[in-house]
Amino acid sequence: MRIIFTEDYQQMSKKAADIVVSQIILKPDSVLGLATGSTPLGMYKQIVNTYKEGHIDFNEVTTFNLDEYYGLDKTNNQSYYYYMLENFFKNININMERVNIPNGTADDIEKECLDYERKIRNCGGIDLQVLGIGRNGHIGFNEPDLKFEALTHIVELDQQTIKDNSRFFDTIEDVPTKAISMGIKTIMRARKIVLLASGEEKADAIHGAIYGKITPELPASVLQLHPDVVFIVDKEAGSRLDLEKIQEEFL
C-alpha cells in the first residue's frame, strides 16, 4: 500500500491523472476500471488536457465502469453512461466499442452481470482500477455488510448513499434505490488500484480503510489485502491519518 498526501483537490486530481496517463503510455492497450461521482471529475479533466496536448492516445484502451444505476436509461442525464460521455469519452479519441458500462435497463439483470464479468475476463482483466470512497466506506456500490466474494451484481443502496447522491437529483425520491456494481472480488482482481478521496467527510472512512479491521462493514478495508494499491487523499480526507506514522509504515 502506498499513500499520497496532497494539499487540495486539484493536486489530488493531478496525481491521479498522472498515474492513469503513465499506465496508458507504458501499455497503450490498457484495460482501465473507471469510477464516477464528484471525486474523479478533476482527474478526468486533467487527463483530457493531457490528451489535447498530444501526449496520450486512447485508440487501443478498453474501459469498464464500476457501476450504473438500475432502471436509468443511458440517455438519462443522471446515468453514469451520460456522466462518462460528457465528462470524458466525448473529449478523447477512445473507440466507443471498447467502452463498457453496465446496462441498468437490461431485460435480464442477472445475465447482464454475468456477461459483464465475462467481458472483463475476455479482455485479460483490469490493469488499473480507479476508485472513490463513500462516507460509509463503500467502493463501487458495494455497501457495508456485502460479501467480499461478490462479483458484478445488483445492489440495494444504503440510505446514506441515497442521501449523498440526492444532490445530483431534483428530489431524494428521484434517486434510484438499486444499482449494478462490480463486486469486491472483481475489484480486487485488478492488477493495480488507485483510490481517491477528498473532503473532511471522507476522513473517517479513509482512516478505517487503512487502519481499521478488515470487514464487510467497511468495504474499503479489504484494500489492505491488495498487493498494489495507492490511496491519494487531500489534506482534509487525510486529516485523521498520522503523516509520520504513514511515512514509516507505507512509504
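Which strands form the open sheet of three strands, in what order, and is the pairing parallel or antiparallel? In this predicted model, the order is β4-β8-β7 and the pairing is antiparallel.

## The three-stranded sheet

Strands β4 and β7 occupy the edges of this sheet; each has a single partner strand, so one side of each lacks a neighbour in the sheet. From one strand to the next, the twist averages 30°. The antiparallel pairing of β4 with strand β8 (residues 178–181) extends over three bridges. Tyr-69 has Ala-179 in β8 as its bridge partner.

Helix α4 (residues 109–122) packs on the sheet and touches β7 and β8. The direction of helix α4 makes about 120° with that of β7.

## The seven-stranded sheet

A further open sheet contains seven strands in the order β1-β10-β9-β6-β2-β3-β5, with parallel pairing. Its edge strands are β1 (2–6) and β5 (99–100), each of which pairs on one side only. Within the sheet, strand β2 (residues 31–34) and strand β6 (residues 128–131) are joined in the parallel sense over two bridges. Gly-33 stands opposite Gln-129 in β6.

Helix α7 (residues 203–211) lies across β1, β9 (192–197) and β10 (229–234). With respect to β10, helix α7 runs at about 155°.

## The nonpolar core

The largest nonpolar core has 72 residues, of which Phe-88 and Phe-231 touch the most other members. Helix α1 (residues 9–26) makes the greatest contribution to this core, giving seven residues.

Residues up to four places away in sequence being left out, Phe-231 touches Met-1, Arg-2, Ile-3, Ile-4, Leu-195, Ile-206, Ala-209, Ile-210 and Leu-223.

## Ile-24 in helix α1

Ile-24 lies in helix α1. Its relative accessible area is 2%, and Ile-24 is therefore buried, the limit being under 20%. When residues up to four places away in sequence are not counted, Ile-24 touches Ser-30, Leu-32, Ile-56, Asp-57, Phe-58 and Val-61.

Ile-24 and Gly-212 are 188 residues apart in sequence, and their C-alpha atoms are 33 Å apart in space.

## Residues annotated as active site

An unreviewed UniProt entry carries the annotation "active site" for Asp-67, Asn-136, His-138 and Glu-143. Of these residues, Asp-67 and His-138 are included in the lining of the largest pocket.

Where does Asp-67 lie? The residue is placed in strand β4 (residues 67–69), an edge strand of the three-stranded sheet. Asp-67 counts as buried because its relative accessibility is 5%, and buried means under 20%. Neighbours within four places in sequence aside, the contacts of Asp-67 are Thr-36, Tyr-80, Ile-101, Pro-102, Gly-140, Phe-141, Ile-180 and Ser-181.

Asn-136, by contrast in location, is found in the loop between β6 and β7 (153–156). Why does Asn-136 count as buried? Its relative accessibility is 17%, and the limit for a buried residue is under 20%, so Asn-136 counts as buried. With residues up to four places away in sequence not counted, Asn-136 touches Glu-143, Pro-144, Asp-158, Gln-160, Thr-161, Glu-217, Leu-218 and Pro-219. Among these contacts, Glu-143 also carries the "active site" annotation in the UniProt entry.

How values were computed. Residues are numbered from 1 along each chain as its sequence is written. This is a predicted model: local features need pLDDT of at least 70, side-chain atom pairs count only at pLDDT 80 or more; totals for chains, interfaces and linings use all residues. Side-chain values use heavy atoms; hydrogens and water are left out. A nonpolar core is a set of buried Ala, Val, Leu, Ile, Met, Phe, Trp, Tyr and Cys residues joined through side-chain atoms within 4.5 Å. Buried means under 20% relative accessible area, exposed over 50%, partly exposed in between (1.4 Å probe, protein chains only). Helices (H or I, at least four residues) and strands (E, at least two) are DSSP runs, numbered from the N terminus. Contact means heavy atoms within 4.5 Å. Two strands pair if DSSP finds at least two bridges between them. Axes are lines fitted to C-alpha atoms, for helices over the stretch in contact, and angles run from 0 to 180 degrees between N-to-C directions. UniProt positions are given in the numbering used here, feature names are shortened, and annotations may be inferred rather than shown by experiment. On a 1 Å grid over the protein atoms alone, a cavity is a set of points where a 1.4 Å probe fits but cannot get out, and a pocket is an open set with protein on both sides within 12 Å along at least five of seven lines; lining residues have an atom within 4 Å of a point.
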